[in-house]
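Biologist: I have not looked at this one before. Can you take me through it?
Modeller: Yes, here it is.

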Amino acid sequence: MSVDATPMLRPPAAESDLVGELRTIRMVWERELIRFVRTRTRILTGFIQPILFLLVLGYGMSGLVGETAGFDFKKFVFPGIVAMSVVTTAIFSAISIVWDREFGFLREMLVAPTSRASIAIGKTAGGATVAVLQGTLMLVLAPLVGVHLTVGVVLGVIGIELLMATALTAFGVFVASRIEKMESFQVVMQLVLFPMLFLSGALFPLNGLPGWLNVLTHLNPLTYAVAPLRQVVFSAQDMPAAARARFPSQVELFGHVLPIGADLAIVAAFAVLFVALAIRGLSRTR
Amino acid sequence: MAALGQAATTVATASRAGRVAVIEVRDLVKRFGDFAAVDDIDFTVEEGEVFAFLGPNGAGKSTTISMLCTLVAPTSGRISVAGHDVVTEPREVRRRIGLVFQESTLDDQLTAEENLRFHAVLYRVPSEEVEARIDRVLALVDLGDRRGDLVSEFSGGMARRLEIARALLHVPRVLFLDEPTVGLDPQTRALMWEDVLRLRDEAGITVFLTTHYMDEAEYADRIAIIDHGRIVALDSPAALKGAIGADAVDLRTTDDGAAAAALRADGYKVESGADGIEVFVENGEDQVPALIEAAGVPVNHVHVHRPTLDDVFLHYTGREIREGGGDRPSAMMRARMGGRR
């Protein structure tokens, strides 16, 4: 078999570096989406777990907590379940770095003449996109628990999801860049993921916690993402004052009730920090 | 398009002259604590050459190739690849080399084409050229019809060839192959070598490979035998074999140790192998009676043959490479290789 040899001899024309890095980010991002779409079981399990929580917690606790002015625990926990879905998907998207290391593809990326920052950013963007898709998919369950949605609410939810997904995927990428084995990642994530979820206000109101737990909830980045998510969803519900008092949606810090803008600024600050850590982590990886 | 032809001519001329150095290694040392994995080596690889690093596992092959590819920093010494220093300009070097590792680095949940596209972006191949190059590299390794298939459906050999295709996508000046045929069956191994040699012949690419298969090293233009971090011999396969004597005579005796000592005392070049001893002489057949007599102990078995690279390795290291581990290519592979030359 004979193949014309000449085209192989021309070295690639130099391409502007910024364009090259942007193309790298897009490609790494695209790969995450391709892999997400191709592994349908992952989408399914990502959907089933939050539904279970919604059913178990929502219906189980509703009986215990009871209704306040027509508002029940199911409606309270719904935004929390959406947050939970985003967080879980974001963290487990970051896991794919450990997976890539195990199966060698990480090496293909790390030896390339490209900036590690682009790989970290592409990976974070890809994981975050997938997490937002998964979290937004949860909104179809809203009618089931009697939560009313408007276009404004959906857009608001997506925006907040994007912010929290970026922070958490970057956090996951940072952790994954430091971890060599699949098993250790699972352990670390169980030790981080569940406490983070439980101490964020996603699954129960944070008022009335003992002092030391209260400190932990305020150190938890997720706390400041769950609160705005809940406020945006609640804004479209018919909630009398009694229900608002019973089911609080705002974070109090040093005796002040934080406005939604402050919450989001805190999440954004965490996102910037974690993206920086992710870039640094991946840059040091061999 | 005129520049294209011109570039081709330049490279072809240079490789025919065989004087353009693509890899230059000077006083290279790599220490891990007190252990010198690579202990002061020097060599030069010329454009268009197939250059093999041959040695047992742990001899320093992988450490050396990792340093050449900018993945591991040398303790001391200088390495220049494709005109750039690996320590000060690693990115320039990486742009100009293709890497195929021992372990797969493909994403098996992507198709062949998607893996190639990903690589094209990482290596800054201009978008408008990507399509044509994918066609071309897939044709080179005979995978054109598997373009849209998931890599998870590929056999080990196909995946390895796809990796070679991918390593060529950005037109490297040097293709590095680290133990490229480990774990492949003999037919696939032979096919892969057909691909590699075609690349060298048609595209003028320099190939640097490591291997612990003697038969595989036979394909190389030059071989560096590495043992305990040092290069103990460096030459063409024919010259290496020629240097140790015209013929090799294998002897199995009732007491190999005594026979070896007696033959050495008589001035013969003797090596001890796993089963028997080996004597290197001119005109082996004629020498058999004299050797049997000189051995001084009863001889059970005599075999005269031309020296192989196994003999070369034994001669330079005092060991057989098989002791270093790894299986050997089958007789079928040998037959194919015999047909080739």
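**Confidence, then chain B**

Modeller: A caution to begin with: residues 1-14 of chain A have pLDDT under 50, and for that stretch the model has 29 contacts beyond four places in sequence. This is a predicted model.

Biologist: What is the mean pLDDT of chain A?
Modeller: The mean for chain A is 86, and 94% of its residues reach 70 or more.

Biologist: Now chain B. How many helices and strands?
Modeller: Chain B has 13 helices and 14 strands. Of its 341 residues, 45% are buried.

Biologist: Which domains does chain B get?
Modeller: The assignment gives domain 1 over 2-239 and domain 2 over 244-307. Their C-alpha centres are 40 Å apart.

Biologist: And what share of the chain B contacts joins residues 24 or more positions apart?
Modeller: Counting contacts with a separation of 6 or more, that share is 72%.

Biologist: Show me one such pair of distant positions.
Modeller: Take B:Leu54 and B:Ala224, which are 170 residues apart along the chain while their C-alpha atoms are separated by 6.1 Å. B:Leu54 sits in strand β3 of chain B, residues 50-54.

Biologist: What else does B:Leu54 touch?
Modeller: Leaving out residues up to four places away in sequence, B:Leu54 touches B:Thr211, B:Ala217, B:Ile223, B:Ala224, B:Ile225 and B:Ile226.

Biologist: Why does B:Leu54 count as buried?
Modeller: Because 27 other C-beta atoms lie within 10 Å of B:Leu54, and the cut-off for buried is 20 or more.

Biologist: Switching to helices. Is α4 of chain B mostly covered or mostly open?
Modeller: Helix α4(B), residues 112-122, is mostly covered, with 9 of its 11 residues buried. Among them are B:Ala112, B:Leu116, B:Phe118 and B:Val121.

Biologist: What covers them?
Modeller: Elements from both chains: the cover includes α1 (17-38) and α5 (105-110) of chain A, along with α5 (127-140) and α6 (156-168) of chain B.

Biologist: I see an arginine in that helix. Is B:Arg117 buried or exposed?
Modeller: B:Arg117, which lies in α4(B), is buried, because 21 other C-beta atoms lie within 10 Å. The C-alpha atoms of B:Arg117 and B:Ile231 are 39 Å apart, with their positions 114 residues apart in sequence.

Biologist: What happens just after that helix?
Modeller: B:Arg124, just after α4(B), takes a positive phi of about 60°.

Biologist: Any hairpins to look at?
Modeller: One is formed by β12(B) and β13(B), with 4 residues between the two strands. In the turn, B:Gly276 has a positive phi of about 100°.

Biologist: Which way do those strands run, and how many bridges join them?
Modeller: β12 (residues 269-272) and β13 (residues 277-281) of chain B run antiparallel and are joined by 4 bridges. Across that pairing, B:Glu271 stands opposite B:Glu278.

Biologist: Last topic, the nonpolar core. How many residues are in the largest one?
Modeller: It has 157 residues, and those with the most contacts inside it are A:Ala167, A:Ala225, B:Leu68 and B:Phe176. In soluble globular proteins, nonpolar side chains tend to be buried together.

Biologist: Pick one of those. What does A:Ala225 touch?
Modeller: Not counting residues up to four places away in sequence, A:Ala225 touches A:Ala83, A:Ile160, A:Leu163, A:Met164 and A:Val267.

Biologist: And what is in the second core?
Modeller: That separate core has 13 residues, including B:Val249, B:Ala260, B:Ile277 and B:Ala295.

Note on methods:
Residues are numbered from 1 along each chain as its sequence is written. Chains are lettered from A and ligands numbered from 1 in the order in which they are written. This is a predicted model: local features need pLDDT of at least 70, side-chain atom pairs count only at pLDDT 80 or more; totals for chains, interfaces and linings use all residues. A residue is buried if 20 or more other C-beta atoms lie within 10 Å of its own, exposed if 12 or fewer, and partly exposed in between; C-beta atoms are placed from the backbone. Two residues are in contact if their C-beta atoms, placed from the backbone, lie within 7 Å. Two strands pair if DSSP finds at least two bridges between them. Domain bounds come from an automatic or database domain assignment. pLDDT is the predictor's confidence in each residue, from 0 to 100. A nonpolar core is a set of buried Ala, Val, Leu, Ile, Met, Phe, Trp, Tyr and Cys residues joined through C-beta atoms within 7 Å.
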